[in-house]
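Colleague: I am new to this structure and would like a close look at one part of it. Please take a single element and work outwards from there.

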Amino acid sequence: MLDPKTMEIIKSTAPVLKEQGAKITQQFYQRMFSRHPELYNIFNRSNQREGKQPQALADTVYAAAAHIDRLEEILPVVERIAHKHRALGVRPEHYPIVGENLLWAIRNVLGEAATDEVIAAWEQAYDAIADVFIQVEKGMYETARKQLGGWDGFREFTVDRKVKESEVITSFYLKPQDGGPLPLFQPGQYITVRVRIPGDEYISLRHYTLSDSPGKDTFRISVKREDGGDGKPAGTVSTYLHRNIQVGDQVELTAPAGDFTLKKEGTEPIILLSGGVGLTPMISMLTTLAEQQVERDVTYIHAALNGDVHAMRDYVDTLVKDHPRFRSFVCYEQPTEQDRLEGRFDKEGWIDGPWLQSILPDHRGNFYLCGPLPFMKAMYRLLKEWGVEEDRIHYEVFGPTRHLDESQQVTPVAAI
């Protein structure tokens, strides 16, 4: 428990950290990786290059400072981050490394304002926050290990099948190499793939949502090939999986993790909203609802560039045809001539408020969002403008976690 004086110092310096946060975290990462390059085996280097992780960490540091006297309020977001830590293999011994380099960066950027008293207060605060993460993650490691078919760390899997779903998305069916059972997972959860790419000094890790229902003898992930362009590099792991990994090859996986999961209790409608490869958790949710014969109205709305890149369209059509309370709608931004000829879509352009309200009877129910960040921000805004309550909007962000409403600056959004 922090003493009142320490909490007072932390809260008084929070505005300074908000102003200088990005600079502090940039220097923190530079110093930490120069002294501990082995951590490149855990951190996503693409997020580092694009500046996503430093900014996310800056937001988190500020949020933690703002909540230092009521850390219990940030526990839900701590749990979301802890899921990612467990899936990456973050351990208690990593926290002192992060703390030492973060405190150095705070002192270096703030200069004279970072007095010994301020740094001592931040050291105590960091230790308190780190302990919260460590304890939560300890429970998650134990749960992953003790469940039927579960394991700790990484487990070897063999690619049993490789199926092209669209021009850019391919599914990989993965079977445990040891022949053992697979644990049940919650629709919406993800696994972490670990691969060693020839010519790369470090291991690469990526989260991929499980795109099938639980209870099978394989895990399925559906991966979009990120080709790059517009100043962005191609995706290191996604292109490697598409071009190099074949049936019979091995990859390493963590046990399923994540808190973006289907809430199956209740009778209210379920509305699934996805964009692009954000369909992966929705396919898992939709399949699970179909297999369990859930007696609820389910609407699935998907947005894509066009039919060439739209994966699993026929599969969804079949599910909807077989379940009278299921409906699906498709929006294509730039439909092809073939899309027009075959009537493959319900709306051209973007999902907007009037169209959304025209296909849904009202705004009751639970909404699930997944897709590129601009898409999710737009959907979140539409739903809020329609009057959908915050606690009925559930979403997953690919990459560092953040709140879709950027005005909510005090919500912690990234791993410390």
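Which residue of β9 stands opposite I301? Please describe the strand around I301 as well, with what lies on either side.

Modeller: The residue opposite I301 is F329, in β9. Please keep in mind that this is a predicted model. I301 belongs to β8, so I will start with that strand.

β8 covers residues 298-304, and 7 of its 7 residues are buried. Side chains in a regular strand alternate between the two faces of the sheet. On one side of β8 are V298, Y300, H302 and A304, and on the other are T299, I301 and A303. These residues are all buried, which leaves both faces of the strand covered. For this, a residue has to have a relative accessible area under 20%.

Next come the two partners of β8. β7, residues 270-275, pairs with β8 in the parallel sense, over 6 bridges. One of the pairs is I270 with V298, its bridge partner in β8. Between these two strands the chain passes through α8, and the β7-α8-β8 crossover is right-handed. The other partner is β9, residues 326-332. 7 bridges join β9 to β8, and these strands also run parallel. V298 takes part here too, with F326 as its bridge partner in β9. V298 thus has a bridge partner in β7 and another in β9.

The wider sheet can now be placed around these strands. The sheet is open and has 6 strands, in the order β10-β9-β8-β7-β11-β12, with parallel pairing. At its edges are β10 (347-348) and β12 (393-396), each of which pairs on one side only. α8, residues 279-291, packs on this sheet and touches β7, β8, β9 and β11 (366-370). The direction of α8 makes about 150° with that of β7. After α8 comes the loop that leads to β8, and Q293 lies in that loop. Q293 is not a glycine, yet its phi is positive, near 50°.

Past β8, the chain goes on to α9. The loop between β8 and α9 contains M312. M312 has a positive phi of about 65°, although it is not a glycine either. M312 counts as buried, because its relative accessibility is 7% and the cut-off is 20%.

α9 itself spans residues 313-322, and its buried residues are R313, V316, L319 and V320. Seen down the helix axis, these buried residues fall within an arc of 125°, so they line one face of α9. The face turned away from that buried side carries the exposed residues D314, K321 and D322. What covers the buried residues of α9? The cover includes α8, β8 and β9. β8 therefore appears twice in this account: as a strand with 7 of 7 residues buried and as part of the cover over the buried residues of α9. Together, β8, α9 and β9 make a right-handed β-α-β unit.

To return to your question, I301 is on the side of β8 that also holds T299 and A303, and I301 stands opposite F329 in β9.

Notes: Residues numbered from 1 in each chain as written. Predicted model: local features only at pLDDT ≥ 70, side-chain atom pairs only at ≥ 80, totals over all residues. Heavy atoms only, no water. Buried < 20%, exposed > 50% of the residue type's maximum accessible area, 1.4 Å probe, protein only. Helix = DSSP H or I, 4+ residues; strand = E, 2+ residues; numbered from the N terminus. Arc of directions from axis to C-beta. Contact = heavy atoms within 4.5 Å. Pairing = 2+ DSSP bridges. Right-handed = clockwise from strand over helix to strand, strands pointing away. Axes fitted to C-alpha atoms, helices over the stretch in contact; angles between N-to-C directions.
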